[in-house]
Amino acid sequence: MASSETAISAEGVERRFGDLAAVDGVSLEVKTGEIYGFLGPNGAGKSTLTRVLCTLLKPSAGRASVAGYDVETQPGEVRLRAGVALQEAALDDKQTGAEMLALQGRFYGLTAKATKARVDQLITLVDIGDALDRRIGTYSGGMKRRLDLALALVHDPQVLFLDEPTTGLDPVSRAKVWQEVRRLNDDLGMTVFLTTQYLEEADELADRVGIINQGKLVAEGTPTELKRLIGTDVVIVTVEGDPVLTREALDPLPMVEHIEVNGPSLTLSVSDGPSAISPIAVALAQVTEIDVIELSLRRPSLDDVFLSVTGERIADSSAFMASASASQNPQEPK
C-alpha cells in the first residue's frame, strides 16, 4: 500500500484506443488533502486518465493507485474510497433528489438509518436547498451538478474526482460549486482531483496544477510556480489590418522577447511591461496599414503558461478531439 501521505499515484500510465495514445506515459502524485487541478484542452486526455484512476478504464501500461489501492488489481477497494462526479451526471429525472441519495447510500451498503444521517450531513455541505423533494427533471443545470456532487459524497470518500464539474454552468452556479469544493477540502480535508479547461477554476481552487497536452503531462506545479515559468509580462495588441505587418514592426524592439499571433491579436512577451508600452505604441503608430483596436498590459496567466509549454492556447480545443470521443465510447486496445 502506498504512503498515507499520497492519495493518488500514477506511474507511466498509458491508455490506448487502437493506435491512439489518449494518455501517454503520465506520472504524477497527489498528496492527501490536496486539491490537484488537471488542466488541458478538450481531447487532451484529462477525462481518460480520470476514468483510469476511477477504475472505469484499465490502463494499457503503467500502474496507478488511489488511497493506497491499485486501480487495476484492487478496483473494489478504490471504489469504496473514491467519490466520482463525471462530466455527464447519471441522474434519473423521474426520481427526487432525496430518492437518488437514498438509493446511492444503499448501493454502498449503508443502512436506511445511516443513509438518512449522511444525507442530513450533506445538506449542510452541499447547497441542495428546498429542491431535495422535487423531481430531478425540474432541476436547473447548476442544481443537477450540486446533486451529482452530493451523490459522490454519500459514502464519505477519501478522494473526490470531479471531471469538469462546472462545464456549461452560468457564473453564479459555477461560483457555488467552487465554494462547495473549497468547503469540502477545508472542513473535511478531502483530497480533490479536479479536471478542468477553465483557467480561472484551476487558479482559484488548485493547490497544484498539472497541464496535459496530447496525452502527456507537460508541466506541473503551483499556479504561482507555473506563472513564474514565463518570467515575463504580457502585452496584448489587437489590430484591424494585417497582423503580419504588425509583427514585423514589433519584432525589432529589444524589450520584446516573443510574439504569438492569434488571428487579429498578438501576444507579446516583454521583459518589463510598463516601460515597454510606450515604444510598442510608437512602433505601431508607424504602421499606416493597420488600426490598433486594443493595447493592454497584464501579468502572466495560466493560459500563458499553457501557450509556452504546448504552443497553443487552452481555448484551442481541436487537438486530439478523437481521444475525447473515444473516451466516451471506449474500445479496449487490440
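Let's start with E200 and R174, whose side chains meet in a salt bridge, 2.9 Å from N to O. E200 sits in helix 7, residues 199-205, and R174 in helix 6, residues 171-188, so this pair ties together parts that are 26 residues apart in sequence. Please keep in mind that we are looking at a predicted model. The two partners sit in unlike surroundings: R174 is buried, with a relative accessible area of 15%, whereas E200 is partly exposed, at 38%.

How many salt bridges are there by this rule? The count comes to 15. Let me show you a few others.

E77 forms one with R81, and here the closest N and O atoms are 2.6 Å apart. Both belong to helix 2, residues 75-81, where they are four residues apart, separated by about one helical turn. As a reminder, an α-helix has 3.6 residues a turn, so residues three or four places apart point the same way. E77 is partly exposed, with a relative accessible area of 30%.

R247 and D251 form another salt bridge, with 3.8 Å between the closest N and O atoms. The rule accepts a nitrogen within 4 Å of a carboxyl oxygen, so this pair qualifies. R247 counts as partly exposed at 31% relative accessibility, and D251 is partly exposed too, with a relative accessible area of 43%.

There is also a network: E11, R63 and D70 are linked by salt bridges.

Now, on to the strands. Please find strand 7, residues 159-163, in the viewer. Is strand 7 buried or exposed? Five of its five residues are buried, so strand 7 is largely enclosed by the rest of the structure. Both of its faces are covered, with V159, F161 and D163 buried on one side and L160 and L162 buried on the other.

Strand 7 has strands 6 and 8 as partners. Strand 6 and strand 7 run parallel and are joined by four bridges, and V84 stands opposite F161 in strand 7. Strand 7 also runs parallel to strand 8, residues 191-196, with five bridges between them. In that pairing, D163 has T195 in strand 8 as its bridge partner. Strand 7, helix 6 and strand 8 together make a right-handed β-α-β unit. Helix 6 is the helix that carries R174, from the salt bridge I opened with.

A second arrangement of strands is worth a look. It is an open sheet of four strands in the order 2-1-4-5, with antiparallel pairing. Strand 2, residues 20-31, and strand 5, residues 69-70, stand at the edges with a single partner strand each, so one side of each is left without a neighbour in the sheet. Strand 1, residues 6-17, runs antiparallel to strand 2, and nine bridges join the two. F17 stands opposite L20 in strand 2.

For those of you who like docking boxes, let's turn to pockets. The largest pocket has a volume of about 570 Å³. It is lined by 25 residues, and the closest to its centre are L56, V84, L86, Q104 and Y108. You will recognise V84 as the residue opposite F161 in strand 7. Which elements each supply at least two residues of this lining? They are helix 2, strand 6 (82-85), helix 3 (97-107) and helix 5 (141-153). By residue type, the lining of the largest pocket divides into 15 nonpolar, six polar and four charged.

The second largest pocket has a volume of about 200 Å³. Of its 14 lining residues, I230, H258, S269, D304 and S308 are the closest to the centre. Helix 8 (223-230), strand 12 (256-262), strand 13 (265-270) and helix 11 each give two or more residues to this lining. Its residues divide into four nonpolar, six polar and four charged.

Helix 11 is my last stop. It spans residues 302-310 and is mostly covered, with seven of its nine residues buried. Which are the buried residues of helix 11? They are L302, D303, D304, V305, F306, L307 and T310. D304 should sound familiar, being among the residues closest to the centre of the second largest pocket. Just after helix 11, G311 takes a positive phi of about 85°.

That's my tour, and thanks for listening.

Definitions and conventions: Residues are numbered from 1 along each chain as its sequence is written. This is a predicted model: local features need pLDDT of at least 70, side-chain atom pairs count only at pLDDT 80 or more; totals for chains, interfaces and linings use all residues. Side-chain values use heavy atoms; hydrogens and water are left out. Buried means under 20% relative accessible area, exposed over 50%, partly exposed in between (1.4 Å probe, protein chains only). On a 1 Å grid over the protein atoms alone, a cavity is a set of points where a 1.4 Å probe fits but cannot get out, and a pocket is an open set with protein on both sides within 12 Å along at least five of seven lines; lining residues have an atom within 4 Å of a point. Grid points are joined across faces, edges and corners, and a volume is the space filled by probe spheres set on the points. Ala, Val, Leu, Ile, Met, Phe, Trp, Tyr, Cys and Pro count as nonpolar, Asp, Glu, Lys and Arg as charged, and the others, Gly among them, as polar. Two strands pair if DSSP finds at least two bridges between them. A crossover is right-handed if, with the strands pointing away from the viewer, the path from the first strand over the helix to the second runs clockwise.
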